[in-house]
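Let's take a walk through a protein model together, one stop at a time. Keep the 3D view open and turn it as you read.

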Amino acid sequence: MSDEPSDTPAETSQEMNLSEGDAQMPSEEAPDVEMMPAKTESPSQAVEVPSEQSQGTSELTERTEGVRFSEKDILVPTSSSPDPLEVSEGTVLPTETAADEGSAREGKQRRVPSGLHPKKKSSVKVSKSTSRAQKGKQEGHTPKDVTARSSREKEEQRFSHETVVKVEAPGEEVEGPGKDRVEDQRPSEEEGLTKEPDAGRSQDERLAPEAEMTVQGDLAQRPATSASSGARDTPEAETMPQRPISQESEASQELAGTRREKESALSRSHPGDAAGEASLALQAKEESLSRQTSTLSWVFGYNSRLPVFNLMDEDYRVILYASSHTAVIHDLQRNKQYYLQGHSSCISCLCVSEDRRWIATADRGPESLVIVWDGYSAIPVHTIFDSHPEGGVGAIAISHDSRFLATVGAGAVQKVCIWKWTSPEKKPVCSVELLPQYGFQGHIAFSSRNHWELVSNSTTQVIFYKWEGDSLQCHAPLLTDRTFNKAVGIFSQSLFHFSTEQAVTGTLEGKLVVWDVTIVPSKSTALCVKPYNMKAVKLVNLQRDGITVLAVVDKTIVICDVKGHVKFYDGSLQLLHWYNQLKLGPIRSVSFSKTPVCPLNASQFPSSCTLTGQPLIVRNFILSTSDGLVVHVMTEGMKLTKCLEEPKGAVHAIACHPTKPLLAKGSACGLLKVWDYELEKYLVSRIFKGHSIWSVCYNHDGSLLGVGFADGTVYILDSISLGDDSSEPFKYSYAKGAVIHMSFSHDSRYLATADDKMSVTIYKQVIEEEKEEWERLAALRSHYKPIRTILFGVHLDSDKPRLLTLGEDRLLVEYDLENSVKDELVVLRRERIEQSAVPKYITWYPPLTKEYFFLTTNDQYKMKIYNVTTKMCRKTVLGPTYGSPLEKIQVLPPIEGYNPEKRYLAYITTDKVGLQILPVDGNPHRSSAFICHPAGVSDFVCSYGGHHIFTAGGNDLSVMKWDVNLNVLEAAVSLGGKDLIPFYNLLDGGREGEFFRELEDYFYYAQLRHQGIDTMEPRKVSTHIPLEQIPFVMRAMGFYPSEEQIENMLNEVKFGEYLETGKQVTEINLGDFIKLYINHRPAFGLSVREIEAAFQVLGYENEKQEACLSRSDLLLLLQQKGEHFTEEELAECLTTLLGMNPEGGSSEGGTYDPEGAEAFIEEGIPEEIPATHFVAEILGLPIPEPALTGMEKTTETQSSDLSTKS
């Protein structure tokens, strides 16, 4: 992070504070200022919201309920060059007044209550103790008894008010509720700037928070509450997104009692410790997250393409990095992680303020967000919605004074925006669009000397910016190889010089481009000002290795390169020192400690490369590399510590030990690591150079670990040492494809693998020379489309292993392992289990009944149960509909502490992980899901005890551990209603809607049809209809099942009670029919696109670019493909659709005369049939067209509306 220029008052004060050393910096054993009641308040004290005289208390309370900031929570610095960000009574957001930037400022701070004019007094009554405290302040002292009484009163207020933010600076005198003035703590004009405003306090004390965030925030969008007219010139921090009030109150009540104990204990053990105090808010946030069905509890891996930041480097070593859509604050010494969760897409960029207080993250999703977080409490304080709707955010930077953000869009036409994030304004201060020929601007930086100058660069173009008011001007100076007659190279990063108007850009050729202000007399005056007068004035050939990172720290320029070297230069680009013995890969980022080093022994620091050879006092720093390595460098004594070592390739394979808390994960770079997920500690690893891991699997007792690679190689390893268990690896497969699935049998005698070439390979354990060895038994290409699952089980009548595979070809293949011999894999049977849907996964259904079943999922959002012996489909239910079908499922083992008779199912979709209560019945309230990896989930497993779920993100390089909370899932079921209420809600209009009344009419009409329409016998009205009437009622309701679907529905009802009663069911009531209809109908109704897609596959495009079929082809396909018609059935069906049989033909009790049918069909159906004509004119279906993003946002009710309206 860059420092401010030396001529600014802020930097002058910092240097003075450091130089005084012992006089101003308290020792570690000294009591903190917080422990002195005469100077400060207790951290648990809250500020009562004052009211305005002219408005009254109630009116102001209504105004401030939406904001939920205390009325004294905004500090407004009036200096043009602000001092280091101070932490005061509220969360102090960096702000500025509306006065002219160029005018002289007084070096003062004033506290302005939000919504009140600073000079107006409060109408709240002032207690005696408060009045005495004011009087004491006026006389220059504060009575101790008054302070103690005020502390007790404010302790009670702290839990009686919903104060959103409570952060207090040590050593700062804070007034109680209702006081009409605040003493100025800045030096007076007579004193000037020679006196340090915070004399007696170190920089750490000024920056450390002394209280916690008391309310947890999430990213539910809330309208910003504007300030009143009295504070119109004082920008106020936008309200942080928060939970609903009811939930917030409940959380406050639950945490109020324990928080007092935590605060008092912490104040005794860690007085003045910023990290410890902030951890209270983080713990409160974790407690609120426990109300979710699954909570993120650990992240393995990080996005090595993004920088890593050093947040704390003193008593606690804390770093920040991005992992998928979550930013992680990792306390390395205490082995704890805190999560900044709010993005629904992968984080594309992040930055940190110079004081490490504010963290900004952004993403590139369709609804991209920019979120500013309080780094002390991990709570969002400001959210920018749709900052760049064209493609999200590609780069972000925060100004040196922390008041402004700069974002660069990632769309085809990039846009640079400046945001004043401390203001409630939802629009940028200014913006400018960039020309596409500039290339993708992937890096942007503010000047360290001011916040109105910026620089960005792509791989080929550097752009300079300057903004004034609402105008942002940019200039892209020309620089080619001809400019200096030298190869420039690809640009990496750019930044401004720390003390001059120059800027520098690093290139992958090892050169440094120097930009400076030039004045050309021949040019117009408008072109002689910034940024138009910036020009490349020098090309410095610094080194041979490519430059990857530039940084500025303590008036030195830091350069990192592809060989892992770190070099320090002074302002004239003279080399001061370099680290070339680190043995690292290409450096991706460097981040220095926020506080300068106070050396005890200067000889422990490296000597500079100057004539004097004086020690170079450099701050400790964090380096991250493109290889997934993060190291900490302690410059005093040159100590290198490895912080993280994660894979640099995609993580596609994870497996959990069957009896121990061990997690194995393999990556595309060949790194295999084993973690203890209870202790969150890395245990052992092995690197397979030149190989890419695609699958891993433990055997039944956890003694062996199978590993499959992209080239078809299979290793069988010892699970503890990761050494080879077999004499040599199996370096071939049947088709030399990537091993994507593998599984051991229940007795570990067999290992089965499947590759991406649709072949299955079996390995068998044999005894040779009294030693167990593994051999390749046989292989077979048993599917003609990708294999989705390998499933081992046990035969019902024996203890022998049973092997099945399921493919996208809709075939379930069972193998005869006992009769398979060397190079001959015997297939026992093949069963087609789907008609039109593509199966996704299969697993064993838990023994909840006397019958044994398989459970499958498909791409039509259905879950099906099959008998394990007959392969008959016994039940079809609507599965979870969270944007994409279920990709993988796994039954959770019985969990200790829960009812052992209740079982649960874990699953993943394309980007989500979820839980489902068993048995499955189609009730949408019995499942829950949330985003885990927005870029896609590649694999998931469950722990042996069922308490944790692990998901692998593939290309996002991370594995996430989720703690399971089944009580929350059970509670959600009761909220959805009992019995048929959840299913009524899935019908259009619900129980009282027209659709339900129409269904009742059809239900009773079916009874009339069964008894005979023309009969004169007395009618028998019943609540049931015969099973054979089910297809007719389904079609009447707009669902047109195939013959196979009808058979599955009838079997589902017929054998539903067979095991309990021994009899087949012959009729169905209305409630069961509604469930049957909900579960079997299409999840999202009919779509014109589906019919058009079928016409495109079967037909051709006409001159109007419409998908068409000829009449002869249509008739031929209907008679020969699929569930084909006979000629007579087809004629009756088409003539009925075209209106020749007004009573519905023979199916509705009418008559059908085939005479003249052929001529009628030729007349009613054109020779060329477009898909839209077929739908509207022949079928007569007014099908609504769903939106492209409908699946992502459609709830269960919306999806049912779509289908029923069809």
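**A guided walk through the fold**

First, a word on what you're looking at: this is a predicted model. Let's start with a hairpin, where β13 and β14 are joined with 5 residues between them. β13 covers residues 405-409, and its pairing with β14 is antiparallel, over 4 bridges. Look for Thr407, which stands opposite Cys417 in β14.

Now stay on β14, which spans residues 415-419, and look at its other partner. β15 (residues 430-433) runs antiparallel to β14, and 4 bridges join the two. Cys417 turns up here too, with Ser431 as its bridge partner in β15. So is β14 mostly covered or not? Mostly covered: 4 of the 5 residues in this strand are buried.

Next, swing over to a sheet. Here 4 strands make an open sheet in the order β4-β5-β6-β7, and the pairing is antiparallel. Which strands stand at the edges? They are β4 (309-313) and β7 (336-341); each has a single partner strand, so one side of each has no neighbour in the sheet. Going from one strand to the next, the twist averages 20°. Inside the sheet, β5 (residues 317-323) pairs with β6 (residues 326-331) over 6 bridges. One pair to pick out is Tyr321 and its bridge partner in β6, Val328.

Time to look at the greasy parts. The largest nonpolar core has 44 residues, and the ones touching the most other members are Leu663, Ile949 and Phe950. Take Ile949 and set aside its neighbours within four places in sequence: its contacts then include Ala906, Val913, Leu915, Phe940, Met960 and Trp962. There's also a second, separate core of 28 residues, with Ile1025, Ile1046, Met1049 and Val1065 among them.

For a change of scene, find Lys648, in the loop between β31 (639-645) and β32 (651-656). Its relative accessibility is 48%, which is why Lys648 counts as partly exposed: the cut-off for exposed is over 50%. Lys648 and Arg305 are 343 residues apart along the chain, yet their C-alpha atoms are separated by 9.0 Å. Leaving out neighbours within four places in sequence, Lys648 is in contact with Ser626, Asp627, Gly628, Cys669 and Leu957.

Helices get their turn now. To describe two packed helices, you give the angle between their axes and the distance between the axes. For α15 (residues 1088-1098) and α19 (residues 1171-1179), the angle is about 130° and the axes are 8 Å apart. That angle makes α15 oblique to α19. Where do the two touch? Ile1091, Glu1092 and Phe1095 of α15 make the contact with Ala1171, Thr1172, Phe1174 and Val1175 of α19. The crossing itself is right-handed.

Last stop: some backbone oddities. Most residues other than glycine have a negative phi, and most peptide bonds are trans. Leu722 is not a glycine, but its phi is positive, at about 65°. You'll find Leu722 in the loop between β38 (714-718) and β39 (739-744), and it is buried, with a relative accessible area of 2%. Met758 also has a positive phi, near 70°. Its loop lies between β40 (750-755) and β41 (760-768), and at 13% relative accessibility Met758 counts as buried. Finally, Leu918 and Pro919 are joined by a cis peptide bond, with omega about 0°. Look for Pro919 in the loop between β53 (912-917) and β54 (927-931).

Terms used: Residues are numbered from 1 along each chain as its sequence is written. This is a predicted model: local features need pLDDT of at least 70, side-chain atom pairs count only at pLDDT 80 or more; totals for chains, interfaces and linings use all residues. Side-chain values use heavy atoms; hydrogens and water are left out. Buried means under 20% relative accessible area, exposed over 50%, partly exposed in between (1.4 Å probe, protein chains only). Two strands pair if DSSP finds at least two bridges between them. A nonpolar core is a set of buried Ala, Val, Leu, Ile, Met, Phe, Trp, Tyr and Cys residues joined through side-chain atoms within 4.5 Å. Contact means heavy atoms within 4.5 Å. Axes are lines fitted to C-alpha atoms, for helices over the stretch in contact, and angles run from 0 to 180 degrees between N-to-C directions. Angles under 35 degrees count as roughly parallel, over 145 as roughly antiparallel, 65 to 115 as roughly perpendicular and the rest as oblique. A crossing is left-handed if the near helix is turned anticlockwise from the far one by less than a right angle, and right-handed if clockwise.
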